[in-house]
Amino acid sequence: MPSSRFGASLSSPKLDVAIDMGNPLLNLTVDGFLKIGTVGAGRALAEDAFHVVKRGSISSKDFEHTLKKMCKEGFYWGSVAGVYVGMEYGMERIRGTRDWKNAMVGGALTGALISAASNKSSDKLVTDAITGGAIATAATFLNYLT
């Protein structure tokens with residue numbers, strides 16, 4: 001019986017920026033900050049572009065607002081990513097192994113730290129730590145699937 005098969009692969013482009021800070025922890029932290037900060041700035045740009053298209057016009061005030069929002073979002077997203085990457089790498093070094101538990105603890109510590117810097121409630125700190133750990137663990141498990 002005749003049969004046929006089709007095979008293809010899809011890959012995304014990879015962009016790496018080499019920044020040598022002299023320490024692997026700093027290298028990973030800065031790399032995470034830059035990559036995810038760019039994603040945060042891009043999200044802000046896309047959101048504001050949507051609103052401009054919906055309105056049908058743009059003013060210099062809108063443009064200035066978008067630039068400020070891109071900087072703010074990029075810095076926030078980059079900071080969270082930098083802290084997370086640093087925490088996960090630190091856990092890897094402390095435990096001497098690379099697994100999902102580093103992501104869970106790194107995410108929980110990052111969630112707690114970001115929450116402590118922006119909130120006063122201890123209940124919110126705990127829920128943010130749980131959320132950070134859950135998101136980081138889920139992302140790690142998703143990476144295992146690919």
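This report describes the fold, the salt bridges and the aromatic pairs of a predicted model.

## Overall architecture

In this predicted model, the chain has 4 helices and 0 strands, and the order of elements read along the sequence is α-α-α-α. Helix α1 covers residues 24-55, and helix α2 covers residues 60-95. They are followed by helix α3, at residues 100-118, and helix α4, at residues 122-145.

Of the 146 residues in the chain, 24% are buried. The chain exposes about 10,800 Å², and carbon and sulfur atoms supply 66% of that area. Among contacts between residues at least 6 apart in sequence, 57% join residues that are at least 24 apart.

## Salt bridges within helix α1

A search of the whole structure finds 10 salt bridges, and among them are two whose partners both belong to helix α1. In one of these, the side chains of Lys35 and Asp31 meet with a nitrogen-to-oxygen distance of 3.2 Å. Lys35 and Asp31 are 4 residues apart in helix α1, about one turn of the helix. Lys35 has a relative accessibility of 33% and counts as partly exposed, and Asp31, with a relative accessible area of 23%, is partly exposed as well.

The other pair consists of Glu47 and Arg43, whose closest N and O atoms are 2.7 Å apart. Because Glu47 and Arg43 are 4 residues apart in helix α1, about one helical turn separates them. Glu47 counts as partly exposed because its relative accessibility is 30%, which lies between the limits of 20% for buried and 50% for exposed. Arg43 is likewise partly exposed, with a relative accessible area of 29%.

## From helix α1 to helix α2

Arg43 has a further salt-bridge partner in Glu73, with the side chains meeting at 3.1 Å, N to O. Since Arg43 lies in helix α1 and Glu73 in helix α2, this pair ties together parts of the chain that are 30 residues apart in sequence. Salt bridges that share partners extend the arrangement, joining Arg43, Glu47, Asp48, Lys69 and Glu73 into one network.

Thr66 gives another view of how these two helices are placed, since this residue lies in helix α2 and Glu47 lies in helix α1. The C-alpha atoms of Glu47 and Thr66 are separated by 9.2 Å, the two residues being 19 apart along the chain. When residues up to four places away in sequence are not counted, Thr66 touches Leu45 and Asp48; Asp48 is also a member of the salt-bridge network. Thr66 counts as buried because its relative accessibility is 11%, under the 20% limit, whereas Glu47 is partly exposed.

## Aromatic pairs

The structure holds 3 aromatic pairs. In one of them, the rings of Phe33 and Phe75 have their centres 6.0 Å apart and their planes at 75 degrees, so the pair is classed as edge-to-face. Phe33 belongs to helix α1 and Phe75 to helix α2, so the pair ties together parts that are 42 residues apart in sequence. With a relative accessible area of 29%, Phe33 is partly exposed, while Phe75, at 55%, is exposed.

Trp100 and Phe141 form a tilted aromatic pair, with 5.7 Å from centre to centre and 50 degrees between the planes. This pair links distant parts of the chain, as Trp100 is in helix α3 and Phe141 is in helix α4, 41 residues away. Trp100 is partly exposed at 31% relative accessibility, and Phe141 is also partly exposed, at 40%. Ring pairs also bring in Tyr144, linking Trp100, Phe141 and Tyr144 into a cluster.

## Links between the helices

Taken together, these side-chain pairs describe links between helices in the predicted model. Helices α1 and α2 are tied by the salt bridge of Arg43 and Glu73 and by the ring pair of Phe33 and Phe75. For helices α3 and α4, the link described here is the ring pair of Trp100 and Phe141, which belongs to the cluster that includes Tyr144.

Note on methods. Residues are numbered from 1 along each chain as its sequence is written. This is a predicted model: local features need pLDDT of at least 70, side-chain atom pairs count only at pLDDT 80 or more; totals for chains, interfaces and linings use all residues. Side-chain values use heavy atoms; hydrogens and water are left out. Buried means under 20% relative accessible area, exposed over 50%, partly exposed in between (1.4 Å probe, protein chains only). Rings of Phe, Tyr and Trp (its six-membered ring) pair if their centres lie within 6.5 Å; planes under 30 degrees apart count as stacked, over 60 as edge-to-face and the rest as tilted. Contact means heavy atoms within 4.5 Å. A salt bridge is a side-chain nitrogen of Lys or Arg within 4 Å of a carboxyl oxygen of Asp or Glu. Accessible areas come from the Shrake-Rupley method with a 1.4 Å probe; for residues, only the protein chains shown count as cover.
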